[in-house]
Every structure is written in structure tokens, then in C-alpha cells.
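Okay, thanks for coming, everyone. Could you pull the model up on your screens so we can walk through it together?

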Amino acid sequence: MATQEDYYKVLGVARGASADDIRKAYRRLARKYHPDLNPGDKSAEERFKSVQEAYDILSDTKKRQMFDQYGFYSDNIKPEQNQGFRSGGPGFGFEGFDFSDAFGGAAGAHSQSQQGTSGGSSFKDLFGQFFGGGSRQQEKAGPERGSDLEYALDIDFWQAIHGTQVKLSINRQETCKECRGSGQGSGGTQSCPECSGSGNVEQMVGAMRFTITCPRCGGKGKTSNVCFACGGDGRTSKPETVEVRIPAGAQSGSRLRVAGKGNAGIHGGSAGDLYITLRVTPHPFFTRNGDNIEIRVPVAVWEAGLGTKIEVPTIDGRALLKIPQGTQNGQKFRMREKGVPNQKKNTRGDQIVEVFIQSPDVADEHVRELLRELSKASPEDPRAGIWENV
């Protein structure tokens, strides 16, 4: 008869635990009580078998649903959890359940007693559908692609502008070298301890006895030891250094993809990818706006009034900018193709230069005298236009 245990307590997880939490708990306990780590320790061996059995049930969606909803593997069966059944002493019976459809009514029951097979076949089919499979063997899971990894990477302004190569340390799951991804230990297969190799176990429901597929081996009659290194998952976690190429012109928030550097797949599935989100440190002088670079440059009063050529910084070095005569404070000038290169468009942005007029230092008396002469030579009121619109 199948063991009556609370499998959630065996793994130390809550009843609403996710499949990932159940897998992690199983791997942790499997490593702790593995026979290879506890030679000659019978209690550890028994605990290991209990952990294996609990994981076999809770990792299978149908078996877990049966355990949760119907208490099929639990002594704590509540009447309200079993629609169509009524409790009757120990376990539960079938009072009030109409079997007429299954047996074909009274005639069907009589036919069963005379022929011996037709009603029994229907009854078996009914419970095979109800409990999710009857004598069907558990199918082996197919290849599953590994999950993607997400990392954030901080780079400075110049690394983003000119591009660079950086080395990034990540933690990823790779195929276990001990079992080559199978998750099986070196002991090979052995007769299933649950069904003693028959592939079936008996289950009592009230006063009735049923033969069902062994939940531990899925009807195969054999089980395999889990791999000591990976706990049966087929993968192990390890740190790895990945070299990442940052293209010239990368922006903050850009997402780079490194194919095949995510977690390894399961059962021969392909590996996931590594995605890197860039965070660019701002520059104290240059401001980036798309592919354009924006800067503010001071000019003297006489430079703005008379016009001149000044040197301004660009991401490529120094460049000359012509300041026309009569330039006003806050006026902007465009320097063509002095911005950030865009490799996708095969173009380059511009540099936008905003000038602000810087007043001279009036601490010197000679400077003050020159300004007085300037005010006499240019007596226009710079605020005259304001009053026209007030």
C-alpha cells in the first residue's frame, strides 16, 4: 500500500509552494541525505527515500493535484474536499454515489456478475480518468530551454561613446559534468522500493481496494539514484567571466544580448541567453540627447559684440566655432556631425553649442571706465521692447 505521508512536511515547504521552491527544497535535502555522503547511515538512507518519494509526487502536476484535492496520499481526508464521496468511518466510502452509468444500471450489475468483465472494465476506466491515468506510464519530460539571465552593467560616458570590451562576472547554470545532464547518479537503476519492481501499488479507498500505477517509478518498476553533484537537476551553478563588446554610441538603457550564455537547458534543451542592460554615468560637461551632444560655452562681451572664432570641446577633441557679430546670450549654434556615431543608421549626430555672455570683472578702474564709454556710445535701452508688450 502507498505510504501515507504529508509530502509538504517531508520537503519542508508550504502547501502553496511553487514548483521552483519544491525543486530547490528537494535538491537541498537530496544533497544532505544522499547515501554517498552518509555511508552506512540507515536513517539518512530512509530520509533520502522519503525525500525522493515526496518530490516524485509534488513535482508531477496531476499527482500533486490528486494529493491536494482528494487526499489520495494523505490520512487527513476531509469530506468537503471530495465531491461525490461521503465519509464512512476510516477513510471514505461511496454512499450516495450513482454508479449506474459506469455499470449500465441494474442490468449492467447483473451482467457483471454473469460475465465478470464488462462492468469491471467500465469501473476501471471511470477511476482511470478520475485519478488521471490508470496504468499509463509516466512520460519522460522532453528537452526544455534554459532560462535567460538579466544583468545591469555600469559604464562611463566615454566607454559608451567610443565603445569598449568589458569582462562581466556572472553566475549561471551549466550542464552537470558528473551526470552529463541526466540527473542520475552512478548507481544506475534499481528496483523501485515503492512497488517492489511491479510498477503498480494498491490503494485502499474506504472498504475498496484499487491497483494504480506506482507514483514513484511511473509504472516502470525501476528508479534511478539522483546525481550527487546536481541533486538530480542535471545542472550545477558556477561563476563565469563573460567578455562583452559594447558598441560605439551605446546609450543608457540599451539592452545587449549574448547568445547561449544564459542557464543551461534541461534534458538536452538549448541554453538561454544573457541580456545586459547598460547604465551610462553622466558627463560633467557634455550632455547627450539622442545622437546629439549639447554643451554651454561662455563668451566675452566683446566677443559676442564684435564676433570672433573660439575653440570649443567636442567628443573628438577641440574644434573651431564661429561666433557672428552681435551674438545674443543663450543663442545656439550647430556643429554638423560632431555628435555620437550611430552604427545602425550609419550616421552621426550634431553638437549643439549654447553660448552665454560672461560679464567682465569690474574690479579694475580702467575696465569700469571702458564700460562707461561703451554705455555712452551705445545708449539704447535693452529692455525697451518689454514695455511695448506690457
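**Two helices and what they pack**

Let's start with α2 and α3, which cross in a left-handed way. Left-handed here says that the near helix is turned anticlockwise from the far one by less than a right angle, and clockwise would be right-handed.

Before I go on, the small print. This is a predicted model, so local features need pLDDT of at least 70 and side-chain atom pairs count only at pLDDT 80 or more, while totals for chains, interfaces and linings use all residues. Residues are numbered from 1 along each chain as its sequence is written, and side-chain values use heavy atoms, with hydrogens and water left out.

Helices and strands are DSSP runs numbered from the N terminus: H or I of at least four residues for a helix, E of at least two for a strand. On that count, the chain has 11 helices and 17 strands.

Back to our pair. The axes of α2 and α3 come within 9 Å and cross at roughly 160 degrees. An axis is a line fitted to C-alpha atoms, for helices over the stretch in contact, and the angle, from 0 to 180 degrees, is taken between N-to-C directions. That angle makes α2 roughly antiparallel to α3. For the cut-offs, under 35 degrees is roughly parallel, over 145 roughly antiparallel, 65 to 115 roughly perpendicular, and the rest oblique.

So which residues of α2 and α3 make the contact? From α2 you have Ile22, Arg23, Tyr26, Leu29, Ala30 and Tyr33. From α3 come Ala44, Arg47, Phe48, Val51, Gln52, Tyr55 and Leu58. Contact means heavy atoms within 4.5 Å. By type, the residues of this contact are 10 nonpolar, one polar and two charged. Nonpolar covers Ala, Val, Leu, Ile, Met, Phe, Trp, Tyr, Cys and Pro; charged is Asp, Glu, Lys and Arg; the others, Gly among them, are polar.

Gln52 of α3 deserves a stop. Is Gln52 buried or exposed? Gln52 is buried, because its relative accessibility is 10%; the cut-offs are under 20% for buried, over 50% for exposed and partly exposed in between, with a 1.4 Å probe and protein chains only. Beyond its neighbours within four places in sequence, Gln52 is in contact with Tyr26, Arg216 and Val226.

Val226 turns up again with Gly185, a residue of strand β3, 184–191. With sequence neighbours up to four places away set aside, Gly185 contacts Asn225, Val226 and Cys227. Its C-alpha is also 8.7 Å from that of Ala229, 44 residues away along the chain.

**The cores**

A nonpolar core is a set of buried Ala, Val, Leu, Ile, Met, Phe, Trp, Tyr and Cys residues joined through side-chain atoms within 4.5 Å. The largest has 21 residues, and the members touching the most others are Leu11, Val13, Ile22, Tyr26 and Leu58. Helices α1 (7–11), α2 (19–33) and α3 (42–58) each supply at least two of its residues. The top contributor is α3, with seven. Apart from this core lies another, of 19 residues, including Ala319, Leu321, Val340 and Val355.

As for Ile22, its contacts beyond four places in sequence are Leu11, Val13, Ala17, Tyr55, Leu58 and Arg64.

**Out in the loops**

As a general point, most residues other than glycine have a negative phi. Ser196, not a glycine, has a positive phi of about 60 degrees. You'll find Ser196 in the loop between β3 and β4 (200–205), and at 63% relative accessibility Ser196 is exposed.

Glu337, also not a glycine, has a positive phi near 55 degrees. Glu337 is in the loop between β14 (332–335) and β15 (341–342), exposed at 55% relative accessibility.

One residue touching Glu337 is Arg348, from strand β16, 347–348. Among the other contacts of Arg348 outside its close sequence neighbours are Ile315, Asp316 and Val340. Arg348 is partly exposed, at 30% relative accessible area.

Last numbers, for the whole chain: 36% of the 390 residues are buried. Of the contacts with a separation of 6 or more, 62% link residues 24 or more positions apart.
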